[in-house]
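Visitor: I should like to understand the terms applied to this structure. Please set out the reasoning behind each of them.

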Amino acid sequence: MDKLPFADLPNIAAEHFAVPTPGTLAPKTGFAHPPRFLILYGSLRARAFSRFLAEEAARLLAAMGGEVRIYHADGLPLPDDATADHPKVRELRAASLWSEGQVWVSPERHGTLTGVMKSQIDWLPLSEGSVRPTQGRTLAVMQVSGGSQSFNAVNALRVLGRWMRMITIPNQSSVPAAYTQFDEAGRMKPGPLYDRVVDVCEELYKFTLLTRERADLLVDRYSERKERAPARLDAVAADIGFAKP
């Protein structure tokens with residue numbers, strides 16, 4: 001297309017309109033460090049199957065060459081029950097900023113994810129100044145349940161991942177009757193359910209390699225480019241009563 005048809009797009013601000021091309025998707029510089037993964041799990045029990053599954057994911061991602069951190073929510077306050085400078089909150093947010101991909105593993109309780117899982121996600125802000133701690137990062141979701149196969153928790157996690165502007169991979173893992181799938185040492189037993197966990201970690205690793213060097217471009221949006229324009233910021237400030245005198 002030699003000329004953009006702005007005559008047919010009267011609502012477009014031409015100076016902020018960008019046409020994606022294969023060239024723009026090419027990373028400008030390659031990353032020297034391995035992919036970085038943060039894993040969250042949603043239980044505080046001493047024998048927590050969600051933690052066991054999180055640890056299996058950590059081993060697999062590390063075997064593929066990734067750097068992995070598991071966040072333990074022990075001591076994390078409820079959202080709004082402490083300030084953001086709480087040590088456990090600072091630890092969580094710093095780990096999210098460090099990561100390029102994440103794994104969320106929740107037990108299913110009362111038909112959805114647990115409060116422990118939700119509290120961790122709720123402590124991650126959509127934006128903090130000009131920084132978005134989750135935007136553009138890849139995400140894999142998994143769940144464990146005590147009964148039959150269910151996908152309620154992973155479906156809820158997908159909604160949250162989309163809300164947090166993350167790139168949630170298509171594959172997922174749901175482990176039913178989790179008490180039968182892990183041995184006394186907390187290691188997952190071989191079988192189709194374990195193989196699916198391997199599939200999920202492999203897919204997450206691939207998506208992270210594909211996107212991490214392009215994350216800034218993938219989350220660069222027309223509407224936000226308009227919002228960053230000085231004239232637009234001044235107009236918004238006037239609308240909400242914060243215009244400079």
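Guide: A residue counts as buried if its relative accessible area is under 20%. The model discussed here is predicted.

Visitor: What makes strand β4 mostly covered?

Guide: Strand β4 spans residues 138-144, and seven of its seven residues are buried. T138, A140, M142 and V144 point one way from β4, whereas L139, V141 and Q143 point the other way, and all are buried.

Visitor: Why are β3 and β4 said to pair?

Guide: Pairing requires at least two bridges between two strands. Seven bridges join β3 (residues 101-107) to β4, so the two strands pair, and they run parallel. Within this pairing, G101 stands opposite T138 in β4.

Visitor: How many bridges join β4 to β5, and how many join β4 to β6?

Guide: Two bridges join β4 to β5 (residues 167-168), and these strands run parallel. Here the bridge partner of L139 is T168 in β5. Three bridges join β4 to β6 (residues 173-175), also running parallel. V144 stands opposite V175 in β6.

Visitor: Why are helices α2 and α6 called oblique to each other?

Guide: Helix α2 (residues 49-63) and helix α6 (residues 192-211) pack at an angle of about 55°, with their axes 10 Å apart. Angles under 35 degrees count as roughly parallel and 65 to 115 as roughly perpendicular. The value lies in neither range, and α2 and α6 are therefore oblique.

Visitor: Which residues make the contact between these helices?

Guide: From α2 come L53, E56, A57, L60 and L61; from α6 come Y194, V197, V198, C201, L204 and Y205. These residues divide into ten nonpolar, no polar and one charged.

Definitions and conventions: Residues numbered from 1 in each chain as written. Predicted model: local features only at pLDDT ≥ 70, side-chain atom pairs only at ≥ 80, totals over all residues. Heavy atoms only, no water. Axes fitted to C-alpha atoms, helices over the stretch in contact; angles between N-to-C directions. Helix = DSSP H or I, 4+ residues; strand = E, 2+ residues; numbered from the N terminus. Parallel < 35°, antiparallel > 145°, perpendicular 65-115°, else oblique. Contact = heavy atoms within 4.5 Å. Nonpolar A, V, L, I, M, F, W, Y, C, P; charged D, E, K, R; others polar. Buried < 20%, exposed > 50% of the residue type's maximum accessible area, 1.4 Å probe, protein only.
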